[in-house]
2 protein chains.
Amino acid sequence: MKRALDLAKKAQGMTSPNPMVGAVVVKDGKVVGEGYHKKAGMPHAESLAIDAAGKNARGSDLYVNLEPCCHTGRTGPCADKIIASGIKKVVAATKDPNPLMCGKSLKKLGKAGVKTSCGTCCRESRKLNEVFFKNMQKKLPFVAAKFAQSLDGKIATRLNVSQWITSLAARNKAKELRDLYDCVVVGVNTANKDNPSLNGLTKKPLKAVIDPKLAIKPSLKLIRENGKNLFILTSLKNKNKRSKLFDKATVLFAKEKNGSLDLLDLLEQLYARKVCSLFVEGGAQTLGLFFDAGLVDKVYAFIAPQIIGGKDALSAVGAGGVAKPGKINLKSMRVEMVGPDILVSGDVKRYLK
Amino acid sequence: MKRALDLAKKAQGMTSPNPMVGAVVVKDGKVVGEGYHKKAGMPHAESLAIDAAGKNARGSDLYVNLEPCCHTGRTGPCADKIIASGIKKVVAATKDPNPLMCGKSLKKLGKAGVKTSCGTCCRESRKLNEVFFKNMQKKLPFVAAKFAQSLDGKIATRLNVSQWITSLAARNKAKELRDLYDCVVVGVNTANKDNPSLNGLTKKPLKAVIDPKLAIKPSLKLIRENGKNLFILTSLKNKNKRSKLFDKATVLFAKEKNGSLDLLDLLEQLYARKVCSLFVEGGAQTLGLFFDAGLVDKVYAFIAPQIIGGKDALSAVGAGGVAKPGKINLKSMRVEMVGPDILVSGDVKRYLK
């Protein structure tokens, strides 16, 4: 199963909207075939592994980090192929998180006389496909929040100077993280102030700018370089405005809620467009609104070994904030050094009222 | 020398205003005597080690983490005792940092026919006695700044609720740190709001409250429990005021500078009273003023795995702050877990303009 997980991981950042899946066919204690899902539209891991095993598949065990599918999508159903191949046992790490599919394939396999087992490396498997699990269970994109601050939590000085607080190594690591997500999100003030590219290290992810009043500067790199791959997220109030922006980017219109855009509405619209995961980079107001709305799943905090100070200096997460400590807690914390900086990451446990 | 350093460390937090010193007498590759300085007024490490070695001292080597003294204080000069004992070689980790003494004893020993060497484990030795080195070189107390914040750098919520952000383990670790310093410092607002004890885990350090307008509440634990061991640091403008506080605590009067107390003036006054090290715990304004004045030597940041958010929530270091990133950088960074929280500590490299 560890091998299956390692295989799955090879396509990290490439499979959206599909999960990462690896499969290993084992016969008499030996690996006789393996495969992983490389990209949506390409063959499934199980199918590749069975093909690789050829005749050896008969009487073998199949290890796979997610319950095989039993529906016909762009590829045929894996459950049928498994049955046809003569595999005698399927070991899955987790059931399909889609409530409509969950356990269906394993049942089907069982009825056809294939032994099944589920739960090996369950935690690692869920973690690896955290985006897919969120998508299937909530029908919403997975949301990662990222910020880069001084040790005392500042993202800019009192004069609003923010370049650079963290090291080149940390900034490159942040680019690497962009590669893992479908779409990078910033607020319009950050976009206008920094004129960023928001590209990954190897990928050009989708980009989105939260821009309630259509205040984005038309000269920005984001607009010039991304065309319709840039989402401008604005208020329904602007729907009947005439703006050249409407031709230059994909503009989505959201309801307003408490004077800000209704982020849940926007997330639903993005998910309907197959945007499965967001990497929200700021600024403070944008990050704050995502946290206030209870929509963040994961946090990446880069911390530079320096003090900035200043009561008027911006800190990383603005907007409203919680009333009492202990309401937005992180679990599965990870602390690592990236060059001279510290990267703390963790998953939001749950939002408490 | 490692043994000498370990011995010295046994009295950590106890030797002020003296340094921590350990000494080991070695003859024919065997330790024949050792000792460490336990407390000001008690015998010096070298003296104890030589006594322990007895007759074996003759012809032996002495390892000590600081150049021996050659002045008569509350105890006799160690250099004379070394010469009298017949020790043939002295290995010191560093010279005495006091510019008036630096190298004097080693020279005296050399003239008397004792071989000398200096520099072994120099870095560890300086680090161990960072307080003493600062004292001798700058004639000022060593200043450590401590704060406890959420991952996004907040020390309270938008409603100014701050209890508790970090865990009990982290709060106990902070108490343990107080034991290492002579005096714990807070601002008057923090004192009035939290009514803290500010005691260590095993020690009752001196306390100081920065209180420009004499606004401290007379009912506070700090006043009731500490008597003259509480410093109230206020403005010269209050010198002729009549206040019961003047009887209940030690009140020091400082000049004002840019509308705040001149912290350098205060530090000089505290140092004149043999306060060799400060542990500044906040709040944000107090920490900010220390950083703005360029007076902080070391930083301890406790970081809790939670997000607080909010543009109106206080962040750890207030007051003015730097104009550009990269002006107050930390070195010798250390990252450790304290229960669920992260403790990042480091030394201020130097203040850049």
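## Exercises on a predicted two-chain model

Helix α4 (residues 104-111) of chain A lies across β4 (89-92) and β5, running at about 155 degrees to β5(A). Keep in mind that the model is predicted.

**Exercise 1.** Find the order of the five strands in the open sheet of chain A, and name its edge strands.

*Solution.* Start with the order: β2-β1-β3-β4-β5 in chain A, with mixed pairing. Next, look for strands that pair on one side only; these are β2 (30-36) and β5 (115-118) of chain A. From one strand to the next, the twist averages 15 degrees. Now zoom in on β1 (residues 22-27) and β3 (residues 61-64) of chain A, which run antiparallel and are joined by four bridges. A23(A) has V64(A) in β3(A) as its bridge partner.

**Exercise 2.** Work out which residues of helix α6 (residues 130-138) of chain A are buried, and what they pack against.

*Solution.* The buried residues of α6(A) are V131(A), F132(A), F133(A) and N135(A). They pack against α5 (122-128), β6 (142-150) and β13 (277-282) of chain A. Just past the helix, K139(A) has a positive phi, near 55 degrees.

**Exercise 3.** Describe the contact between chains A and B, starting from the residues each chain contributes.

*Solution.* Chain A contributes 45 residues and chain B contributes 45 residues. On the side of chain A that touches chain B, β16(A) gives the most, with five residues. By class, that side has 25 nonpolar, 14 polar and six charged residues. Finally, follow β16(A) across to chain B: two bridges join it to β15 (residues 306-307) of chain B, and the strands run antiparallel. There, I328(A) stands opposite I307(B).

Methods. Residues numbered from 1 in each chain as written. Chains lettered and ligands numbered in written order. Predicted model: local features only at pLDDT ≥ 70, side-chain atom pairs only at ≥ 80, totals over all residues. Pairing = 2+ DSSP bridges. Axes fitted to C-alpha atoms, helices over the stretch in contact; angles between N-to-C directions. Contact = placed C-beta atoms within 7 Å. Buried ≥ 20, exposed ≤ 12 C-beta atoms within 10 Å, placed from the backbone. Nonpolar A, V, L, I, M, F, W, Y, C, P; charged D, E, K, R; others polar.
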